[in-house]
Amino acid sequence: MTGPNVTEDEQDNFAAARWVMAIEEGLSPEHAEAFHVWLAARPERAELIARQAALPGMARHAQRQAQLEGAAQRLAQQDLARRRANEQALRSRRRFLVGGAIAAGAAALAVAAVMAPRDRGEHTAEVVPEELYETTSGEVRVFDLADASRIWLDAHTQVSVRMTRKQRDITLAAGRLFVDVARDPDRPLFVRNGQFEARAVAAAFEATAFADRTGIAVTEGIVRLTGGRGGRAIDLGKGQCAWLSASGEIATSSASAIAAWRQRRMVLSDRRLDAALAELSRYFNRPLTVADAQLAARRITLSFSIADLTEAEAARIIANAVGADLSDQANAGILLSPAAGGADAGVGARVNPR
């Protein structure tokens, strides 16, 4: 809508309202460039952006914009013409977009970031959505990330990934993952959980967040592990692992067969029987449990393939190792109990049925 009834200031007001809404939803690189071209054309437009972002009645502006679609199209054409006429200036502004943004544009985008529904923990003009990944019972999957890193998710695992210009963040909500970190000295990768933070530039490591154990194990490179909120920090190298207690204390040890679950292999090293059954249950639709407290506290070391096993077959392997009986509880799962004859198999015996 142009002509004697619509001034240039009014057109800028309409355009500013549309830009504020677009910034809140997240600008593509192409639209970000168009925004900077439009903003630089008139000094007054930076103030209009800030004013529109602060208006409590912005929803009413959105309704008016729906009635002015023709004017919006013409404004877009004008922006395109300015972009072509100022190609050299645009290249300079693009450099600002990569390394920081021009002052007025950064202020406008920061306002939109404050208005965004979730707190991203950064005061920055960069709007980067989180990517969510998860697996279900018995499912092990691998994903390629935007930075060329790769993550494997164990069964019943939930993570969110967010990549920015300055760092790479993976939040492990629950379960277990293995990450092969693509080298980027200027942009470290973090794996975070409520109990720890692991930082790496180029490494490969496993991160676990189970009910009975939380920590990391490293297969390549160096990983810095920090416990809790600002707790003790240690560096772990190849073949080292660290587990955190509920109080945040870190215990380190050496490890082998790290992330064997990627090949569908169960490796249990000096684990309580109830914890071992809980971990094994992640791969089946029915749980494996133990009925007796003394039996549950028995420690067990096992190594066996779970590929193509049923839950009954897996339970039988463990029952034989600890000298227990098992009973099928239908939908309630499979229950291990002390052997009726008092048999006591050697706990810690290593079995390799496959």
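## Arg-282 and its surroundings

Arg-282 sits in the loop that links helix 8 (273-281) to strand 15 (288-290); helices (H or I, at least four residues) and strands (E, at least two) are DSSP runs, numbered from the N terminus. This is a predicted model, in which local features need pLDDT of at least 70 and side-chain atom pairs count only at pLDDT 80 or more, while totals for chains, interfaces and linings use all residues. Residues are numbered from 1 along each chain as its sequence is written, and side-chain values use heavy atoms, with hydrogens and water left out.

Is Arg-282 buried or exposed? Arg-282 is buried, where buried means under 20% relative accessible area, exposed means over 50%, and partly exposed covers what is in between (1.4 Å probe, protein chains only). Even so, Arg-282 has no salt bridge, a term that stands for a side-chain nitrogen of Lys or Arg within 4 Å of a carboxyl oxygen of Asp or Glu. The nearest side chain of opposite charge belongs to Asp-154, 4.4 Å away; for charge, Lys and Arg count as positive and Asp and Glu as negative, with His and the chain ends not counted.

What the Arg-282 side chain does reach is the backbone oxygen of His-156, at 2.9 Å. Setting aside residues up to four places away in sequence, Arg-282 touches Ser-137, Gly-138, Asp-154, Ala-155, His-156, Thr-157, Gly-175, Arg-176 and Phe-210; contact here means heavy atoms within 4.5 Å.

## Helix 8, just before the loop

Helix 8 is mostly covered, with 7 of its 9 residues buried. Those buried residues are Leu-273, Ala-275, Ala-276, Leu-277, Glu-279, Leu-280 and Ser-281.

## The sheet that begins with strand 15

On the other side of the loop, strand 15 belongs to an open sheet of 3 strands in the order 15-18-17, with mixed pairing; two strands pair if DSSP finds at least two bridges between them. Strand 15 and strand 17 (324-328) are the edge strands, each with a single partner, so one side of each lacks a neighbour in the sheet. From one strand to the next, the twist averages 25°; axes are lines fitted to C-alpha atoms, for helices over the stretch in contact, and angles run from 0 to 180 degrees between N-to-C directions.

Strand 17 pairs with strand 18 (residues 334-338) in the antiparallel sense over 5 bridges, and Leu-326 stands opposite Leu-336 in strand 18. Helix 8 packs on this sheet, touching strand 15 and strand 18, and its direction makes about 165° with that of strand 15. Helix 10 (residues 311-322) lies across strand 15, strand 17 and strand 18, running at about 10° to strand 18.

## Strand 5 and its partners

Strand 5 (residues 168-180) is a good place to pause, with several pairings to follow. With strand 3 (residues 150-153), strand 5 runs antiparallel and shares 4 bridges; here Leu-153 stands opposite Leu-177 in strand 5. Strand 4 (residues 158-163) also runs antiparallel to strand 5, over 6 bridges, and Val-159 stands opposite Leu-172 in strand 5. Strand 4 and strand 5 form a hairpin with 4 residues between them.

Strand 6 (residues 189-193) runs parallel to strand 5, joined by 4 bridges, and Ile-170 stands opposite Val-191 in strand 6. Strand 8 (residues 203-209) runs antiparallel to strand 5 over 6 bridges, with Asp-180 opposite Ala-204 in strand 8.

## Two residues to look at: Ala-242 and Gly-341

Ala-242 is found in strand 12 (residues 240-244) and is buried, with a relative accessible area of 0%. Leaving aside neighbours within four places in sequence, Ala-242 is in contact with Thr-214, Gly-215, Ile-216, Leu-225, Ile-234, Leu-236, Ile-250, Ala-251 and Thr-252. Ala-242 and Ala-207 are 35 residues apart in sequence and 9.9 Å apart in space, C-alpha to C-alpha.

Gly-341 lies in the segment after strand 18 and is exposed, with a relative accessible area of 77%. From C-alpha to C-alpha, Gly-341 and Asp-325 are 9.5 Å apart in space, and they are 16 residues apart in sequence.

## The chain as a whole

Stepping back, the protein chain has 10 helices and 18 strands. Of its 354 residues, 43% are buried. Among contacts in the chain between residues at least 6 apart in sequence, 51% join residues at least 24 apart.

Notes
A polar contact is a pair of N or O atoms within 3.5 Å; within protein, one must be able to donate a hydrogen and the other to accept it, and residues adjacent in sequence count only if both atoms are side-chain atoms.
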